[in-house]
Amino acid sequence: MAFKGTIVIDTEGCKGCGVCVTGCPQKCIALGKKANKKGYNHLEIIADTCIGCANCAILCPDGVIEVYRAKV
Amino acid sequence: MAKEIKLMKGNEAIAEGAIRCGCDGYFGYPITPQSEILEYLTAENPYPKTGMVVLQAESETASINMVYGGAALGKRVMTTSSSPGISLMQEGLSYIAGAELPALVVNVVRGGPGLGTIQPSQADYFQTVKGGGHGDYRLITLAPASVQEMYDFVELGFDLAFKYRNPVMLLSDGVIGQVMEKVEVGEYKPRWTNEYIAKTYPWALVGKPESRGHNIITSLQLDPVVQEKVNHKLQAKYKVCEENEVRYETFQTEDAEILLVAYGSSARICQKVVQLGREAGIKVGLLRPITLWPFPKKPLLELSKQVKSILTVEMSAGQMIEDVKLAVECKVPVQHYGRFGGMIPTPTEIFEVLKTL
Amino acid sequence: MTREEIIKPENLVYSKTKVLTDTVMHYCPGCGHGTTHRLVAEVIDEMGIQSETLGVAPVGCAVLAYNYFDVDIAEAAHGRAPALATAMKRLRPEKFVFTYQGDGDLAAIGTGETIHACNRGENITIIFVNNGIYGMTGGQMAPTTLEGMVTATSPYGREQQFNGHPLKITELVAQLPGTYYVTRQAVYTPALVRRAKKAIRQAFEYQKLNKGVTFVEIVSNCNSGWKMSPVKANEWLEENMLPFYPLGDLKVPEKE
């Protein structure tokens, strides 16, 4: 059974630490070039390969990632 | 119902008063001359009977912070110690005052400074009424002068503490702590239920229900604008307390030309001095402050218009005298007589001073 | 399947627990405190004990923890959280009581309270975040600072002869008969986070047994204090902190 996932990022709450990026097995997230209001280069989705494993959310110190996963 | 009379030490009366008034918890550490309080409580073992927790802590620092934790729950909790131990508690007292929590602390004062002596003293007046810990806060301070008052002031102390959400200090000394007198004890009052606390004290930590936000007990406000507001609120509370809670007693002041001012065991000694003075034809009276903070300023100012001289008697180098001077606004000369370092003045030696006024 | 098709309530697999408030945490980017807060809050949420939990916040980086944990909570004086928690649990033994403390708070100024609460076997849970430094005050040497580690008050590196040894307080409390469960965890990889959460859950579950202190150390980073990027700090943690503070259980209940 395969899963397809995606995440919703609270970009204004993101502090751009990048710890989540280290946990992503699909390499589908990265810190972007755009800064949020606090000046942090926040997290962005860079590829459509998310499997909804929630590793990023589990690592996020600020709880700014919501994870969705659907069977395909 | 017949009155129940017991012969007790002052320290024992504190412990008995705590059990009977429905105290929830006592946290303390041994130190002379007040260790009987913890000994009495552990011997009485009130937990199975009333549910009152009694715990010997690892230090006075831990004791006062256990009190802080218990007070945060809206529980009636207390600790007792003597001067060096009370010094260790100052940080905690400041937090409790800052977090606006009710708590009762008993200081059975001994001579200092430093390790000092285990004999009685009143040299912790400044520490108690002028701060002690950091920041602009006040301790409501009761000064018992008898074993009966040691007993009565425990419940009174808790009542004031909860009325004002403020720590209350019972400032006793080694004389009152150790002396034995008869005490009329009251009936056992039940401890407050958790439901009563949750209903009556909405600030208490009781576990956050769905119906409200979480309760926070803290003395921290990083924003100085907010912290100033907190201080204004405290000061407003203290003002109400000063207007309503001044307690004092007078003896033969109606026609007095000389006024003695003394609290606690010094006041007991001064009662005898008044008698000696009167026998010698000196019109002498006594004012005994029962609350040291708030201080009985108004009655002192009134009496200053009538008397020609005031003598404060303290077992210290002269501490309360500063408040007496402030109260009488230089209307009359104020002198001090004190013994200190654990020495207790005799009525005769005070009488000799009285004759020179 | 489009993104919009995936983002549906029935497909939600992870979102922030309601036991954390919406207040933005003040922690530096990448700080392990945030993750640890989340895990404690998730455990309280999953156990359904939000209304039965009383917390105690420390002095240090986590001083404002009371703004984040959506439980009734008190802010202790520096190092005194176990004393507060002792009274809270004794007076409300049916509640879950936890302290949340850093290494300066728990292992320096509060050593006495820590040791004695553990030795009395208070039925509380202690969450201990060890990042080897005083973060809040600007990165000074802590009791847990490693030998040779540069801090604001050991600018040439911690010298054993001069500053003494890093304190393994967790090993110390594990020796005391009053502790029931003592474990050391970390939160910088997904697997470690999952393991740490299990440990925190275990600690809270064991609290029901009234068999003594449950103690969870989280070896964490302080990228600001260590002057590294968050990711680099986590690598440094693995290379330097873990050899001295090895992960795993230090004390588990004997099988009955």
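A residue counts as buried here when its relative accessible area is under 20%, as exposed when that area is over 50%, and as partly exposed in between. Keep this in mind as you move through the model, which is a predicted one.

**First stop: helix H2 of chain C**

Select Glu42(C) and Arg38(C), whose side chains meet in a salt bridge with an N to O distance of 3.3 Å. Both belong to helix H2 of chain C, residues 32–47, and because they are four residues apart there, about one helical turn separates them. Glu42(C) is buried, and Arg38(C) is buried as well.

Stay on this helix and add Glu46(C), together with Lys197(C), to the selection; these two form another salt bridge, in which the closest N and O atoms lie 2.6 Å apart. Glu46(C) sits in helix H2 of chain C while Lys197(C) sits in helix H9, residues 190–207 of that chain, so this pair ties together parts that are 151 residues apart in sequence. Glu46(C) is partly exposed, at 48% relative accessible area, whereas Lys197(C), at 18%, counts as buried.

Next, select Glu58(B), Arg90(C), Arg120(C) and Glu122(C), which are joined into one network by salt bridges that share partners. Over all chains, a search of the whole structure finds 41 salt bridges.

**Second stop: chain B**

Now bring up Asp24(B) and Arg191(B), whose side chains meet in a salt bridge of 2.5 Å from N to O. Asp24(B) lies in the loop between helix H1 (10–20) and strand E2 (25–28) of chain B, and Arg191(B) lies in the loop between strand E8 (180–185) and helix H10 (194–200), so the pair links parts of chain B that are 167 residues apart in sequence. Asp24(B) is buried, with a relative accessible area of 0%, while Arg191(B), at 27%, is partly exposed.

In the same chain, select helix H6, residues 90–98, which is mostly covered, since seven of its nine residues are buried. Among those buried residues of H6(B) are Leu93(B), Tyr95(B) and Ile96(B). After H6(B), look for Glu100(B), which has a positive phi, near 55°.

**Third stop: where chain A meets chain C**

Show chains A and C together: 33 residues of chain A are in contact with 31 residues of chain C. The two chains bury about 2500 Å² between them, and 65% of this area is on carbon and sulfur atoms. Highlight Ile58(A), Pro61(A) and Tyr68(A), which supply 24% of the area that chain A buries against chain C, more than any other three residues.

Which elements of chain A each supply at least two residues of the side that touches chain C? They are strand E1 (3–9), helix H1 (19–23), helix H2 (55–59) and strand E4 (65–71) of chain A. E4(A) gives the most, with seven residues. The residues on this side of chain A divide into 18 nonpolar, eight polar and seven charged.

How many salt bridges does the rule find across the interface of chain A and chain C? The number is zero, although twelve residue pairs, both members at pLDDT 80 or more, are in polar contact between these chains.

To finish, zoom in on E4(A) and strand E1 of chain C, residues 12–14, which pair in the antiparallel sense over two bridges. Select Tyr68(A) and then Leu12(C), its bridge partner in E1(C); Tyr68(A) is also one of the three residues highlighted above for the area that chain A buries against chain C.

Methods:
Residues numbered from 1 in each chain as written. Chains lettered and ligands numbered in written order. Predicted model: local features only at pLDDT ≥ 70, side-chain atom pairs only at ≥ 80, totals over all residues. Heavy atoms only, no water. Contact = heavy atoms within 4.5 Å. Buried area = accessible area lost by both parts, 1.4 Å probe. Salt bridge = Lys/Arg side-chain N within 4 Å of Asp/Glu carboxyl O. Polar contact = N/O pair within 3.5 Å; in protein donor to acceptor, adjacent residues only side chain to side chain. Nonpolar A, V, L, I, M, F, W, Y, C, P; charged D, E, K, R; others polar. Pairing = 2+ DSSP bridges. Buried < 20%, exposed > 50% of the residue type's maximum accessible area, 1.4 Å probe, protein only.
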